[in-house]
Amino acid sequence: MTHEYVITGMTCDNCVATVTKILSGVPGVTAVRIQRETPQASIDMSQHIPLTTFQKALSTHPKYQISEVTDGKPKSLHEEPEEEKRSFFDTYKPILLVFAFILGVTFLNEYTAGEFILMRWMQYFMAGFFLVFSFFKLLDIPSFAASYSSYDVIAKKWFGWGFVYPFVELTLGILFLLNMYPLATNIVTFVVMGISSIGVLQSIMAKRKIKCACLGAVFNLPMSTITLLEDFLMIGMSAVMIIHYL
């Protein structure tokens, strides 16, 4: 017998391979066919296998959720959280706190310096931004790479970019902190963040409900204009500083 299922959380071919391997290992399963684009799975089994058995098998990888298809619609014992029911602050609390932390530290730095210098403040803000955001990505690079490949224009074509990107951010953060090669650092920032914003903009315009990878795999943040604004903020600051150093 064959049953159809909907599987969410898959963002790349590696995800498909992982889920296929897990479900194929369930006793009684004879074949597993998964299409990431749907995402839909057809599972052949020698006897009826409850949905809960598949859910238990995937519990070691909680980002993958499986549900039955009934009359063309998914039916699940675990209802997906609806972001619409959450307040703006509850949804974006992690990223708002990160920005508040960086703002607070950089403003305190200017206060202790005795004089507010815009260029210096932007330099340290960008240092804090890249150091903190790279930290969260480095906690689980494979998961970040999988999420990033679902929307970034480079990561879609070269999956390895998701493994390189956290180290690019880390390097930029260190260079900004040490004020090394400021013109080159800002040019690289402008280019990298500009390219990154293209994928974000495309996803928002297409109204795709996907996970934002800005804070890695630690927080489940939806892709939104917040993501685009953070990219544009870095692009704008780097543009101002490029003009300043020219």
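A residue is called buried in these legends when its relative accessible area is under 20%, exposed when that area is over 50%, and partly exposed in between. The model shown in every view is a predicted one.

**View 1. An edge-to-face pair of neighbouring phenylalanines, and the aromatic cluster to which both belong.** A search of the whole structure finds 19 aromatic pairs. One of them joins Phe129 and Phe130, whose rings lie 5.3 Å apart from centre to centre, with 85 degrees between the planes, an edge-to-face arrangement. Phe129 and Phe130 are both buried. The two residues also take part in one aromatic cluster, made up of Phe99, Phe107, Phe116, Trp121, Phe125, Phe129, Phe130, Phe133 and Phe176.

**View 2. The aromatic pair of Trp161 and Tyr165 in helix H7.** The rings of Trp161 and Tyr165 are set edge-to-face, their centres being 5.7 Å apart and their planes 70 degrees from each other. Because Trp161 and Tyr165 are 4 residues apart in helix H7, about one helical turn separates them. In an α-helix, which has 3.6 residues a turn, residues three or four places apart point the same way. Trp161 counts as buried because its relative accessibility of 13% falls under the 20% limit, and Tyr165 is buried as well, with a relative accessible area of 3%.

**View 3. The salt bridge between Arg33 and Asp44, one of 3 in the structure.** The side chains of Arg33 and Asp44 meet with a nitrogen-to-oxygen distance of 2.8 Å. This pair links distant parts of the chain, since Arg33 belongs to strand E2 (residues 29-35) and Asp44 to strand E3 (residues 40-45), with their positions 11 residues apart in the numbering. The two partners fall into separate accessibility classes, Arg33 being partly exposed with a relative accessible area of 40%, whereas Asp44 is buried with 16%.

**View 4. The salt bridge between Glu110 and Arg120.** The closest N and O atoms of Glu110 and Arg120 are 2.9 Å apart. Glu110 lies in helix H3 (residues 88-113) and Arg120 in helix H4 (residues 118-138), so the pair ties together parts of the chain that are 10 residues apart in sequence. Glu110 counts as buried, at 3% relative accessibility, while Arg120, at 24%, counts as partly exposed.

**View 5. The salt bridge between Lys137 and Glu169.** Here the closest N and O atoms of the two side chains are 3.1 Å apart. The pair links distant parts of the chain, with Lys137 in helix H4 and Glu169 in helix H7, 32 residues apart. Both Lys137 and Glu169 are buried.

**View 6. The second largest pocket and helix H5, which contributes to its lining.** The volume of the second largest pocket is about 200 Å³. Its lining consists of 14 residues, and those nearest the centre of the pocket are Lys63, Tyr64, Pro142, Ser143 and Ala146. Helix H1 (13-24) and helix H5 (141-148) each supply at least two residues of this lining. Helix H5 is mostly covered, with 7 of its 8 residues buried, namely Ile141, Ser143, Phe144, Ala145, Ala146, Ser147 and Tyr148.

**View 7. The largest cavity and the residues closest to its centre.** Rolling a probe the size of a water molecule over the atoms shows where empty space is left. There are 2 cavities of 30 Å³ or more, and the largest cavity holds about 100 Å³ of space. It is lined by 16 residues, of which Tyr165, Ser196, Cys214, Glu230 and Asp231 are the closest to its centre. The elements that give two or more residues to this lining are H4, H7, helix H8 (182-205) and helix H9 (225-245). Tyr165, which is also a partner of Trp161 in an aromatic pair, is buried, at 3% relative accessible area.

**View 8. A nonpolar patch on the surface.** The patch has an area of about 490 Å² and is made by Ile174, Leu177, Leu178, Met180 and Tyr181. Leu177 has its place in helix H7 (residues 161-178). With a relative accessible area of 43%, Leu177 is partly exposed, and it can therefore be part of such a patch, as patches are made of residues with over 30% relative accessible area and no salt bridge.

How values were computed
Residues numbered from 1 in each chain as written. Predicted model: local features only at pLDDT ≥ 70, side-chain atom pairs only at ≥ 80, totals over all residues. Heavy atoms only, no water. Patch = residues over 30% accessible without salt bridge, like charges linked within 9 Å, V, L, I, M, F, W, Y side chains within 5 Å. Areas by Shrake-Rupley, 256 points an atom, 1.4 Å probe, with all protein chains shown as cover. Salt bridge = Lys/Arg side-chain N within 4 Å of Asp/Glu carboxyl O. Buried < 20%, exposed > 50% of the residue type's maximum accessible area, 1.4 Å probe, protein only. Phe/Tyr/Trp six-rings, centres within 6.5 Å; stacked < 30°, edge-to-face > 60°. 1 Å grid on protein atoms, 1.4 Å probe; cavity = no way out; pocket = protein on both sides within 12 Å on 5 of 7 lines; lining within 4 Å. Points joined across faces, edges and corners; volume = space filled by probe spheres on them.
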